[in-house]
Amino acid sequence: MKKLALIALVSIALGSCTTNPKNSKGTLENPNIIFIYLDDLGYGDLSAYGATELATPNMDFLANNGRKFTNGYATSATCTPSRYALLTGQYPWRNRNAKILPGTAPLLIDTAQITLPKMLRSHGYETAVIGKWHLGLGLGNVNWNTHISPGPNEVGFDYSFIMAATQDRVPTVYIKDGDVYNLDVNDPIEIDYENNFPGEPTGENSPHLVKMKADAQHNRTVVNGVPRIGHMKGGQSARWVDEDMADDFLKEVQAYITTKKDKPFFLYYGFQQPHVPRTPHPRFVGATGMGPRGDVIAEADWCIGELIKTLEQEGLLENTLIFLSSDNGPVLDDGYVDYAIEKLGNHSPSGGLRGGKYSLFEAGTRVPFVTYWKGTIEPSTSDAIISQVDWLSSLSSMFDASTPEIDSENHLNLLLGKTNEGRKDLILEATSRTAYRQGDWVLIPPHPGPKMFFTKGIESGNGDEYQLYNLAEDASQKNNLAEKLPEKREQMMQNYLAIVGDVYKSTSNLRFD
Ligand code: NG6
Ligand code: CA
């Protein structure tokens with residue numbers, strides 16, 4: 001307390017608004033905010049969440065010295081919808097276009113929509129996104145050789161250095177503030193998700209170029225020995241080297257942090273790991289004995305350690321609120337031959353939860369979820385229910401600002417460790433299907449369709465019958481109580497329908513594709 005009062009005094013004395021005086025709520029004002037957002041990292045992939053076969057010392061540092069949530073959720077079991085919800089405060093199933101997007105998809109967020117970076121910018125923040133975007137770009141039919149707009153810079157980010165979609169999708173280039181980075185205008189980029197360009201190498205026609213084999217879906221244009229989803233021509237000088245991607249994003253992040261000292265900043269750091277293709281830098285190959293999936297988790301963990309070091313060196317650690325989470329649950333085989341299953345050993349990426357990426361069961365959406373703020377958040381664990389969709393309203397409340405969003409709830413005090421009260425209920429989403437969590441209970445309404453995504457070995461959560469689980473007694477969702485407890489089931493169904501309305505009917509027959 002004394003320290004905070006002193007900071008307030010010094011700040012008044014200096015007439016500065018960039019230091020951190022205490023506001024009426026007892027929190028510090030204007031901390032820098034960083035989202036460390038991993039791609040497909042599972043609930044059980046951190047030692048701090050129970051992994052014993054994999055060491056994640058830097059993520060553990062944040063979890064063990066910050067607030068670790070054991071019921072923290074991504075909004076969806078896939079990437080685009082989760083990222084949409086995180087930035088807009090809206091459940092993704094309210095927007096029918098919020099599905100896994102191809103690299104050519106138009107911008108999913110309406111430029112008139114409220115977004116988290118816009119909100120922070122209105123309170124004096126500088127904002128940046130570095131890393132994975134996957135929320136679409138432009139208005140459709142993007143010309144990659146001219147300025148690409150609208151994109152992140154039009155929905156609230158002052159600075160952007162991104163990959164457009166995923167590491168397994170073309171275009172395999174970085175885009176900086178709307179322009180392809182290192183593009184040679186004499187070698188223009190063309191993209192086509194349907195047809196190949198005559199003479200261009202694909203995994204199918206040029207297997208000798210392939211260093212990591214892939215399924216048919218991923219077997220199109222070969223870049224850097226890795227076949228991708230979609231076809232690409234040109235842009236040779238702009239193409240990324242997968243093994244350098246982690247370092248490329250980290251360098252951007254470090255450069256950003258070290259130059260942003262005048263104003264508070266918001267940095268959304270979107271990791272590409274451990275999404276496929278898993279391409280660790282050579283210095284991490286073999287780091288875990290678990291093959292590429294383990295090694296890229298070690299690589300990501302190292303990057304997080306370097307980020308923490310940078311903040312420390314810059315004197316910013318006590319002045320920065322860090323969130324660590326993942327966009328969806330884990331998957332082992334997601335299209336490339338990288339021995340993730342064969343080399344898994346005793347590791348459980350889902351931490352014993354049922355399902356995984358794409359699944360309506362818990363492992364689809366329940367993810368590592370940590371807040372860290374040196375000196376302000378006490379080390380603690382919380383079992384309260386909290387979702388990434390809540391980050392927008394929670395952070396707005398730091399400025400006594402309310403947001404008109406109906407889905408994002410203000411849980412700032414929970415995130416900072418001042419209460420253990422979280423959400424009463426939450427809609428879970430997986431490939432457009434939805435389910436309902438209320439307290440310890442989960443209701444998965446009937447979703448006809450395949451029960452298993454066979455190539456991935458993941459249970460979908462589909463079924464012709466209702467599923468009702470009590471997570472307090474049955475964390476791995478083995479005991480369906482829907483028939484035994486019809487009243488509970490009916491009451492949950494009514495509450496669920498009161499939120500999702502007709503969306504249940506219109507999505508219940510959708511299949512995973
Ligand atoms: C799927 C891809 C998968 C991955 C995923 C997106 C196929 C068969 N599978 O469609 O490899 O790219 O999309 O992952 O194409 S996410 O984490 O960005 O949602
Ligand atoms: Ca993902």
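Start at the border between domain 1 and domain 2 of this predicted model: 13 residue pairs are in polar contact there, both at pLDDT 80 or more (N or O atoms within 3.5 Å, one able to donate a hydrogen and the other to accept it; residues adjacent in sequence count only if both atoms are side-chain atoms).

To colour the parts, select 2-178 + 240-423 for domain 1, 190-233 for domain 2 and 426-507 for domain 3; these bounds come from an automatic or database domain assignment. The C-alpha centres of domain 1 and domain 2 are 30 Å apart.

Stay at this border: 24 residues of domain 1 touch 18 residues of domain 2 (contact means heavy atoms within 4.5 Å). Two salt bridges are counted between these domains. Now pick Lys211 and Glu243, whose side chains form a salt bridge at 3.0 Å, N to O (a side-chain nitrogen of Lys or Arg within 4 Å of a carboxyl oxygen of Asp or Glu).

Next, centre on the calcium ion, ligand 2. Its protein donors come from Asp39, Asp40, Asp327 and Asn328, at 2.2 to 2.7 Å (donors are N, O and S atoms within 2.8 Å of the metal, or 3.2 Å for Na, K and Ca; water is not among the atoms, so sites may look incomplete). Along the chain, the donors follow the spacing D-D-x286-D-N.

Show the surface, then click Asp327: it counts as buried because its relative accessibility is 0% (buried is under 20%, with a 1.4 Å probe and protein chains only). Asn328 is also buried, at 0%.

For your labels, residues are numbered from 1 along each chain as its sequence is written. Ligands are numbered from 1 in the order in which they are written.

Notes: Predicted model: local features only at pLDDT ≥ 70, side-chain atom pairs only at ≥ 80, totals over all residues. Heavy atoms only, no water. Buried < 20%, exposed > 50% of the residue type's maximum accessible area, 1.4 Å probe, protein only.
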